[in-house]
Amino acid sequence: MTHQAAQVVIAGAGLSASLAALRLAGAARVLLIDQRADPLAGHTWSFHAGDIHASQRAWLAPAIRRAWDGQQVRFPGRTRGLRSGYASLDADSLGAALAGVPGVARLTARVASVDAGGVSLADGRRIDADLVLDARGFVPHPAIQVRFQKFLGQELRLAAPHGLTRPVIMDATVPQRDGYRFFYLLPFDDTRLLVEATYYSDAAALSANDQRAAIAAYAADQGWQVAEVVREESGVLPIALRFDPDAFWRSLPPDVPTIGLRAMRFHPLTGYSLPHAVRDADLIARHWRQGPRALARELRRTSLADARAQGFYRLLSRMLFEAAAPDERRRVMARFYGLPEPLIERFYAGRSTLADKARILTGRPPVPVGRALRCLPGALRADPA
Ligand SMILES: Cc1cc2nc3c(=O)[nH]c(=O)nc-3n(C[C@H](O)[C@H](O)[C@H](O)COP(=O)(O)OP(=O)(O)OC[C@H]3O[C@@H](n4cnc5c(N)ncnc54)[C@H](O)[C@@H]3O)c2cc1C
């Protein structure tokens, strides 16, 4: 396929673009354009089983590296197993799934601008298409105020089995510094696992060397002997404190469908964007033939509705970052993970009920919902904060 023959051109070839291409499999000729030659490299993308529907899981399945039937969290004095499943994609598994899709081409180039009819590249070339999606990742915007979840992870091969059968999504038994600090463990097989040093921090800076040393110390504490550091990944994810979705979407062109972090499509408190990217990929598959304006309208409608419904999670982000002192953040998280499991699952999926919200915000035992609501002006409405 020549570049000019693509029906759908996607600017950016990261997670959201790749999932859109995977979902369009065979239905459209897709060109993925990224400034990086290997845009998926150095990523593991995970999700909670309840975050996506069975039909979505079915088309995503070829891209999944590993799935587990439960997960664990650890806090001082409390280790809790959660039954909700967990699954991870990585650069290899997603790349391999995409390689098997007919009609997907790639171009390494910097995109200078995107419009409804095509993209202009920084080197002066122009590529026209029936539909252009903007998936160029996060850029700061005045309508959103963020803090950071930052991490450095190493995939380790150990000399002997580590003994973990399920992910440990937070091991917060470690000393607290630079905000809320925990380790994240994904056991890919008996001896191979991803170990990530993670922080919910006010500052985006992270010293790679310090984190490498911290991972080595953590592994030694667990009694693990590292045979090989297979690869490394790091990230600084936005956590949203305040967002005015109407102002944000007003600033985007009405005829350029925008997805992924470029469209602020992420869970305000976890920074996870995979479930949103999966939903948007479904939407693209349903509407792409109707043209850019109709698709952009659908994406905007869904994104606005989601963002308005996520006011509660932004309130929690503010409580974590602004109300709790950095060394108190672990206590806030520990209390949350003492709540009933169905509530935790709905929280991950961004589908908390009114009663869940009241329970999360109030002490135990839960106070009557009506009384809790009066304590929360704005938090349970579709507020823009
Ligand atoms: C290491 C890491 C791990 C993460 N783990 C998880 C996780 O477990 N679960 C989860 O849900 N989320 C996770 N996230 C958060 C989020 O889901 C990812 O950041 C995700 O990749 C965002 O997808 P995206 O398509 O919006 O942006 P990206 O995947 O960042 O893709 C954007 C792409 O656009 C390209 N680009 C930007 N500007 C231009 C330009 N002008 N021209 C050409 N190309 C351009 C970039 O090179 C990049 O490849 C993780 C993030 C990181 C960094």
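**Reading the ligand shell and strand pairing**

Biologist: How do the residues of the shell around the ligand divide by character?

Modeller: The shell comprises 11 nonpolar, 14 polar and five charged residues. Ala, Val, Leu, Ile, Met, Phe, Trp, Tyr, Cys and Pro count as nonpolar, Asp, Glu, Lys and Arg as charged, and the others, Gly among them, as polar. The model is predicted: local features need pLDDT of at least 70 and side-chain atom pairs pLDDT 80 or more, while totals for chains, interfaces and linings use all residues. Residues are numbered from 1 along each chain as its sequence is written, and side-chain values use heavy atoms, without hydrogens or water.

Biologist: Which residues come nearest to the ligand?

Modeller: A residue is near if one of its heavy atoms lies within 4 Å. Of the 30 residues around the ligand, S16, D34, S46, L261 and S273 come nearest.

Biologist: Which atoms make polar contacts with oxygen atoms of the ligand?

Modeller: Such a contact is a pair of N or O atoms within 3.5 Å. For S16, a polar side-chain atom lies 2.6 Å from a ligand oxygen. W45 places a side-chain N or O atom 3.0 Å from an oxygen of the ligand, whereas L274 uses a backbone N or O atom, at 3.0 Å. The protein buries 90% of the 970 Å² that the ligand exposes when taken alone (Shrake-Rupley method, 1.4 Å probe).

Biologist: Why is the ligand said to lie between two domains?

Modeller: Domain bounds come from an automatic or database assignment. Domain 1 (3-66 + 90-140 + 244-309) and domain 2 (144-239) both give residues to the shell, so the ligand lies between them. Among the elements that each supply at least two shell residues are α1 (15-23) and β3 (44-48); β17 gives the largest share, four residues. Helices (H or I, at least four residues) and strands (E, at least two) are DSSP runs, numbered from the N terminus.

Biologist: How should strand pairing be read?

Modeller: Strands of a sheet pair through backbone hydrogen bonds, either parallel or antiparallel. Here pairing requires at least two DSSP bridges between the strands. One open sheet has the order β9-β10-β11, paired antiparallel. Because β9 (111-115) and β11 (126-128) each have a single partner strand, one side of each is left without a neighbour in the sheet. Four bridges join β9 to β10 (residues 118-121), and V114 has V119 as its bridge partner in β10.

Biologist: Which strands does β14 pair with?

Modeller: β14 (residues 168-171) runs parallel to β5 (residues 71-75), with three bridges, and V73 stands opposite M170. Two bridges join β14 to β15 (residues 180-187), which run antiparallel; here V168 stands opposite L185.

Key:
Polar contact = N/O pair within 3.5 Å; in protein donor to acceptor, adjacent residues only side chain to side chain.
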